[in-house]
Amino acid sequence: MGKEKEAAWGGFWRDMFQVGLYKRTQGRIARQVTFVALALTIIIGALRMSDVFGTTGFTRYALPGIVVVVGLWLSFRLVNLPKFADFLIAVEAEMSKVSWPTRPEMIRGSVVVIVTLVFLAAMLTIYDAIWQRLLAWLGVR
C-alpha cells in the first residue's frame, strides 16, 4: 500500500511538471472556464495579499507576483491532470446533453420568479407591519 501511494505521488509530481496537454481537443471549454476561474481567484488573492502585507517592496510586489506565477502554473497543470481533465471532459459532454430553454421560455420563467418574489416581499412587509402594530398596541414593544 505504501509503494502505491509513493507511485501515485511520483506520478502526480511528474504530471505537474509536464509541458504537454492531456487530451488536447476534448473538454476545451470546461477546462478554459475552470482555468479562468482559478486564475481570477489567485490574482484576487494576490492583490489582497499585496494590500494586507504590502509594507516593503518585496511583500508588496515580489511575493504576490511569485504567488500569481506559481498559482497560474499550478492551475494550468491542474486542468491537465488526467483524472481532473477526464472529469472536466465528462462535465462538458453532459452539458451538451442538457435541454436548454429557448429565449421566450427563459423570459417567461424569469417574469414568474420576479413577480412571485415581489408578491412575497409585499406580503412579508404587510405581515411585519401588522405584527409591529399589534405588539406596540399590546405594549410589548
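The expected span of a helix is 1.5 Å times one less than its number of residues. Keep that rule at hand for the helices on this tour.

**The whole chain**

Start with everything shown as a cartoon. This is a predicted model. The protein has five helices and zero strands. Read from start to end, the pattern is α-α-α-α-α. Of the 141 residues in the protein, 16% are buried. Among contacts with a separation of 6 or more, 72% join residues 24 or more positions apart.

Now colour by pLDDT. The average over the protein is 86, and 84% of the residues score at least 70. Select residues 2–16, helix H1: confidence is lowest here, at a mean of 62. Where pLDDT is low, the predicted coordinates should not be read in detail. Confidence is highest in H5, at 96.

**Helix H2**

Select residues 28–53. This is helix H2. H2 has 26 residues. From first C-alpha to last, H2 reaches 37 Å, close to the 38 Å expected at 1.5 Å a residue.

Show the side chains of Ala30, Arg31, Thr34, Ala39, Ala46, Met49 and Ser50. These are the buried residues of H2. Which helices do they pack against? The buried residues of H2 pack against H3 and H4.

**Where H2 meets H4**

Add residues 82–97, helix H4. H2 and H4 pack at an angle of about 115°, and their axes are 8 Å apart. The crossing of the two helices is right-handed. On the H2 side, the contact is made by Arg28, Ile29, Ala30, Arg31 and Thr34. On the H4 side, the residues are Phe84, Ala85, Leu88, Ile89 and Glu92.

Zoom in on Ala30. Is Ala30 buried or exposed? Its relative accessible area is 16%, under the 20% cut-off, so Ala30 counts as buried. Beyond its neighbours within four places in sequence, Ala30 is in contact with Leu88 and Glu92. Draw a distance from Ala30 to Leu88, C-alpha to C-alpha. The separation is 5.8 Å, although these residues are 58 residues apart along the chain.

**Helix H3**

Move to residues 57–78, helix H3. Pick Ser75, which lies in this helix. Ser75 has 5% relative accessibility and therefore counts as buried. What does Ser75 touch, not counting residues up to four places away in sequence? The answer is Phe35, Leu38, Ala39 and Ile42. One of these, Ala39, is also among the buried residues of H2.

Next, show the rings of Trp73 and Phe76. The structure holds two aromatic pairs. Trp73 and Phe76 form a tilted one: 5.8 Å centre to centre, with 40° between the planes. Because they are three residues apart in H3, Trp73 and Phe76 are separated by about one helical turn. Switch on the surface for this pair. Trp73 is partly exposed, with a relative accessible area of 34%. Phe76 counts as partly exposed too, at 28% relative accessibility.

**Helix H5 and the residue after it**

Finish with residues 103–138, helix H5. H5 has 36 residues. It reaches 52 Å from its first C-alpha to its last, close to the 52 Å expected at 1.5 Å a residue. Last stop: select Gly139, just after H5. Check its backbone torsions. Gly139 takes a positive phi of about 85°.

Note on methods: Residues are numbered from 1 along each chain as its sequence is written. This is a predicted model: local features need pLDDT of at least 70, side-chain atom pairs count only at pLDDT 80 or more; totals for chains, interfaces and linings use all residues. Side-chain values use heavy atoms; hydrogens and water are left out. Helices (H or I, at least four residues) and strands (E, at least two) are DSSP runs, numbered from the N terminus. Buried means under 20% relative accessible area, exposed over 50%, partly exposed in between (1.4 Å probe, protein chains only). Contact means heavy atoms within 4.5 Å. pLDDT is the predictor's confidence in each residue, from 0 to 100. Rings of Phe, Tyr and Trp (its six-membered ring) pair if their centres lie within 6.5 Å; planes under 30 degrees apart count as stacked, over 60 as edge-to-face and the rest as tilted. Axes are lines fitted to C-alpha atoms, for helices over the stretch in contact, and angles run from 0 to 180 degrees between N-to-C directions. A crossing is left-handed if the near helix is turned anticlockwise from the far one by less than a right angle, and right-handed if clockwise.
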